[in-house]
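Visitor: Please take a close look at one loop residue for me, and then follow the structure outward from there to its helices and other loops. I work with computed models every day, so plain numbers are welcome.

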Amino acid sequence: MKILYVSIHQALEYDELRMFRDAGHEVFSLGSQLTEPAFHGLRPPLDLGPFGAAMKARFDELGGRYAFDAPPLDMVIPEAFVDLFDVCIVMHDVGILHRHWHALSRIPVVWRSIGVDLVGAEWAMQSYRARGCYVVRYSPAELAMPHAVGTDAVIRFPKKIADFKPWTGTEAAIFKVYADFRNRLRAEHDFVERLAAGRRFLLGGGRNEDSVGSVGILSYERLLEMLRSCRVYFYGAGPPAPYTLNFIEAWLAGIPVVALRPEAIYGAQDSRYAEIHRLIAHGRDGFLVSTLEEAAAICDRLLADRDYAARIGARGAAKAAQLFRDDVIARQWNRLLKRVAAADPRRPRQGIVGRLRARFRAAS
């Protein structure tokens, strides 16, 4: 299938494009992979083969205009370009639909949630759902939202298991990744800085220069190496989302994850869609903490006992693989895309001879 993918998140774009490509689809992204080098360098450039190169040339020829950090109004998505694809997947940004629905809706459109602005995006999606836009949730927790527009599938974020080498835990340090941590999440930042006092602590992500332990923006390769070598990963999840990519990456890496219950910082109302506490079995494949004292005690034990940390981390990695491995997620997408294609009114209906020929080709 030929997939037009519209992105607002570089890391997820990289993971999902790889998944679609490896599953045999031809895919092209209006996203960070369209820029050279890939925007912000958080993920490496991705080879989308001859199809990707041809679509880039065609997009330019038809007068398309796109910048990863530009608002939807500054984009030009030619209708003739959209016609080259079978389906369009739009990541989260309903503004893309507001500005470009007339062009994108020439083919089936799938809106893919990512756990951001859950309630606000839900309201904004009402009219597009009514016009036939498909909806793919990234977490079952989203289905409990008020005024939910429903779903056609719940498909979690994918990760390639082969990216993750065996965990070593050689560095007795607490590791966390969050960009602009102090300014974006003041209460959680203060909690983590108190936890970091007297312990080795490393904080990845840009705009953290004034925070304890800052190591700056990490390439994907460097991120994986730090997840592999550090002894503990501390996860906060604020503002509360069901889960995030950095949680998946840490859990899959085999580093033991200590997760702050979001209600301890944000309250029960603002944490009602969090899913981490349903994924982690406390004390078996990770830890859930509510107080600084709990967090400190667990982190100290993990920092002091590598073998214990390894057992917890290995169980976490095994559970994460069941939920997020890309080949499993690809099969879920394929089932949805098959349904979308079958319902596409542009596809001519086959007579009995056409159906028999299709069955013969599938069997041969």
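**From one arginine outward**

Guide: Arg200 lies in the loop that runs between helix H8 (186–196) and strand E8. Keep in mind as we go that this is a predicted model. Arg200 counts as partly exposed because its relative accessibility is 46%, a value between the 20% limit for buried and the 50% limit for exposed. Leaving aside residues up to four places away in sequence, Arg200 touches Glu171, Ala172, Ala173 and Ile174. With Glu171 there is also a polar contact: the two side chains are joined at 2.6 Å. In contrast to those contacts, Tyr266 sits 66 residues from Arg200 in sequence and 26 Å from it in space, C-alpha to C-alpha.

Let's stay with loops for a moment. Strand E7 (171–177) is followed by a loop that leads to helix H7 (181–184), and Asp180 is found in that loop. Asp180 is not a glycine, yet its phi is positive, at about 50°. Its relative accessibility is 13%, so Asp180 counts as buried. Arg207 also has a positive phi, about 60°, again without being a glycine. You will find Arg207 in the loop between strand E8 (201–204) and strand E9 (214–216).

Another loop residue worth a look is His25, placed between H1 and strand E2 (26–30). At 14% relative accessibility, His25 is counted as buried. Outside its sequence neighbourhood of four places either way, His25 touches Met1, Ile3, Phe20, Asn334 and Leu337. The contact with Met1 has a polar side: the backbone nitrogen of Met1 lies 3.4 Å from a polar atom of the His25 side chain.

Two of those neighbours, Phe20 and Leu337, lead us to a pair of helices. Helix H1 (residues 10–22) and H15 have axes that come within 10 Å and cross at roughly 70°. That angle makes H1 roughly perpendicular to H15. H1 brings Glu16, Met19 and Phe20 to the contact, while H15 brings Asp326, Ile329, Ala330, Trp333 and Leu337. By class, the residues of this contact of H1 with H15 divide into six nonpolar, no polar and two charged.

Next comes helix H14, which spans residues 306–324 and has 19 residues. From its first C-alpha to its last, H14 reaches 26 Å, close to the 27 Å expected at 1.5 Å a residue. Its N-terminal end is capped by Asp305, with a side-chain oxygen 3.3 Å from the backbone nitrogen of Asp307. The buried residues of H14 are Tyr308, Ala309, Ile312, Gly313, Gly316, Ala317, Ala320, Ala321 and Phe324. An α-helix has 3.6 residues a turn, so residues three or four places apart point the same way. Try that spacing on the buried residues of H14, for instance Tyr308, Ile312, Gly316, Ala320 and Phe324. What covers the buried residues of H14 includes strand E10 (230–235), helix H10 (245–253), strand E12 (287–289), helix H13 (292–304) and helix H15 (326–343).

Of these covering elements, take H10. H10 and H14 pack with their axes 6 Å apart, at an angle of about 125°. With that angle, H10 is oblique to H14. Ile248, Trp251 and Leu252 in H10 meet Gly313, Gly316, Ala317, Lys319, Ala320, Ala321, Leu323 and Phe324 in H14. Sorted by class, the contact of H10 with H14 has eight nonpolar, two polar and one charged residues. Gln322 is found in H14 too, but it counts as exposed because its relative accessibility is 62%. Between the C-alpha atoms of Gln322 and Leu252 there are 10.0 Å, although the two are 70 residues apart along the chain.

One more helix rounds off the tour. Helix H4 (residues 94–104) has eight of its eleven residues buried, so it is largely enclosed by the rest of the structure. Those buried residues are Val94, Gly95, Ile96, Leu97, His100, Trp101, Ala103 and Leu104. They pack against strand E1 (2–6), helix H3 (79–82), strand E3 (87–91), strand E4 (109–112), helix H5 (118–124) and helix H6 (126–130). At the start of H4, a side-chain oxygen of Asp93 comes to within 2.8 Å of the backbone nitrogen of Gly95.

Terms used:
Residues are numbered from 1 along each chain as its sequence is written. This is a predicted model: local features need pLDDT of at least 70, side-chain atom pairs count only at pLDDT 80 or more; totals for chains, interfaces and linings use all residues. Side-chain values use heavy atoms; hydrogens and water are left out. Helices (H or I, at least four residues) and strands (E, at least two) are DSSP runs, numbered from the N terminus. The expected span of a helix is 1.5 Å times one less than its number of residues. Buried means under 20% relative accessible area, exposed over 50%, partly exposed in between (1.4 Å probe, protein chains only). Contact means heavy atoms within 4.5 Å. A polar contact is a pair of N or O atoms within 3.5 Å; within protein, one must be able to donate a hydrogen and the other to accept it, and residues adjacent in sequence count only if both atoms are side-chain atoms. Axes are lines fitted to C-alpha atoms, for helices over the stretch in contact, and angles run from 0 to 180 degrees between N-to-C directions. Angles under 35 degrees count as roughly parallel, over 145 as roughly antiparallel, 65 to 115 as roughly perpendicular and the rest as oblique. Ala, Val, Leu, Ile, Met, Phe, Trp, Tyr, Cys and Pro count as nonpolar, Asp, Glu, Lys and Arg as charged, and the others, Gly among them, as polar.
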